[in-house]
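Visitor: I would like to learn how to read a model such as this one, starting from a strand and moving outwards to its surroundings.

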Amino acid sequence: MRLAFDFMAPLVSGGRPAQADDPDDVLTHRRYRAIFISDLHLGTPGCQAAALLEFIKAHPSDYLYLVGDVVDGWQLRRRWYWPQSHNDVVQKLLRRARKGCHVVYVPGNHDEFARGFIGHRFGGIEVVDDAVHRTADGRSLWITHGDYFDGVIQCAKWLAYLGDNLYEFTLKLNRHLNYCRARLGLPYWSLSAYLKHKVKKALNYVTEFEQAVAHEARRRGHHGVVCGHIHRAEMRDIDGILYCNDGDWVESRTALVEHFDGRLELLHWAPLPEAAKQGLKAGALTA
Ligand SMILES: [Mn+2]
């Protein structure tokens, strides 16, 4: 995986200066041809909305793809959470579209309510089930959130986080469990072996997901695929198909970007220090 820390990157990228489409932008960074972000989960306390807003402001682009789970409808239904910073992100996205950026919204499973509006536009933002992006160097990228592949892969992702301590604990639990089972006249059953099997399956899940998405992109005749969903930024070749996962804005603050020559890159956003935020407004830099 190629992860670039682009904090304080040069103002000029590929011979093209970062131009202001909008005086609201902060031109500390570079302009890209296309930006792909997903799994923002607006409407949840986990969403890093302030950092996300900074990132969007710092990176103007010709295309902006929102690759699903933009708003977390599941959590909002349970508990309403909508601070100003989340509103600011939505306002910024609408503003981007208004200022001429081609903004495409591909809903995911957490914002499946938006799938009811496929084919429509909201303030210039196009809502589609999936999209195809043609890179500057002529490659065709299929854009999908990725949850459609959950059906074929049994997910037990949380088990991947089980550590050694928990394993020790399960061994102990296993002894007690089997003591009880024996007293009830039940045969021995290994809890730890069962869990170990589950963990292995969870680790395989990521690989299987990546392969399933890449193979579908190939079946559809594309050079590559851009997706999200599993909150794991990645860019690599899978059987001749370029698999790109743009990560998320809950844990990793990652985005996939296309340079003006068609080169793709994964970015990890490091929030700006306060000093840089002030005084580096667009107006101050365009002179
Ligand atoms: Mn998802």
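Guide: What follows is a short conversation about a few elements of this predicted model.

Visitor: How many residues of β4 are buried?

Guide: To judge a strand, one asks of each residue whether 20 or more other C-beta atoms lie within 10 Å of its own. In β4, which spans residues 32–37, six of the six residues are buried, so the strand is largely enclosed by the rest of the structure.

Visitor: Which strands are joined to β4 by bridges, and do they run parallel or antiparallel?

Guide: Strand pairing is read from the bridges and from the direction of each partner. Five bridges join β4 to β5, residues 61–66, and these two strands run parallel, with A34 standing opposite Y63. Between β4 and β5 the chain passes through helix α1, residues 49–58, in a β-α-β crossover that is right-handed. With β14, residues 254–258, β4 shares three bridges in an antiparallel arrangement, where F36 has L256 as its bridge partner.

Visitor: Against which elements do the buried residues of α1 pack?

Guide: For a helix, one first lists the buried residues and then looks for what lies against them. Seven of the 10 residues of α1 are buried, so this helix is largely enclosed by the rest of the structure; among them are L52, F55 and I56. The buried residues of α1 pack against α3, residues 84–98, and against β14.

Visitor: Where around the axis of α3 do its buried residues lie?

Guide: Here one compares the directions in which the side chains leave the axis. The buried residues of α3 are H86, V89, L93 and R96, and they cover an arc of only 80° around the axis, which puts them on the same side of the helix. Q84 and N87, on the other side of α3, are exposed. The cover over the buried residues includes α1, β5, β6 and β8. After α3 comes G100, with a positive phi near 105°.

Visitor: Which residues does D22 contact, leaving aside its neighbours within four places in sequence?

Guide: Such contacts show where separate stretches of the chain meet. D22, in the loop between β3 and β4, is in contact with R95 and K99, and its C-alpha atom is separated by 8.2 Å from that of R96, 74 residues apart along the chain. D22 has 15 other C-beta atoms within 10 Å, which is why it counts as partly exposed.

Visitor: Which residues have the most contacts inside the largest nonpolar core?

Guide: That core has 52 residues, and those with the most contacts inside it include F36, Y65 and V225. Beyond its neighbours up to four places away in sequence, Y65 touches residues including A34, F36 and I143.

Conventions
Residues are numbered from 1 along each chain as its sequence is written. This is a predicted model: local features need pLDDT of at least 70, side-chain atom pairs count only at pLDDT 80 or more; totals for chains, interfaces and linings use all residues. A nonpolar core is a set of buried Ala, Val, Leu, Ile, Met, Phe, Trp, Tyr and Cys residues joined through C-beta atoms within 7 Å. A residue is buried if 20 or more other C-beta atoms lie within 10 Å of its own, exposed if 12 or fewer, and partly exposed in between; C-beta atoms are placed from the backbone. Two residues are in contact if their C-beta atoms, placed from the backbone, lie within 7 Å. Helices (H or I, at least four residues) and strands (E, at least two) are DSSP runs, numbered from the N terminus. Two strands pair if DSSP finds at least two bridges between them. A crossover is right-handed if, with the strands pointing away from the viewer, the path from the first strand over the helix to the second runs clockwise. The arc is that of the directions from the helix axis to the C-beta atoms.
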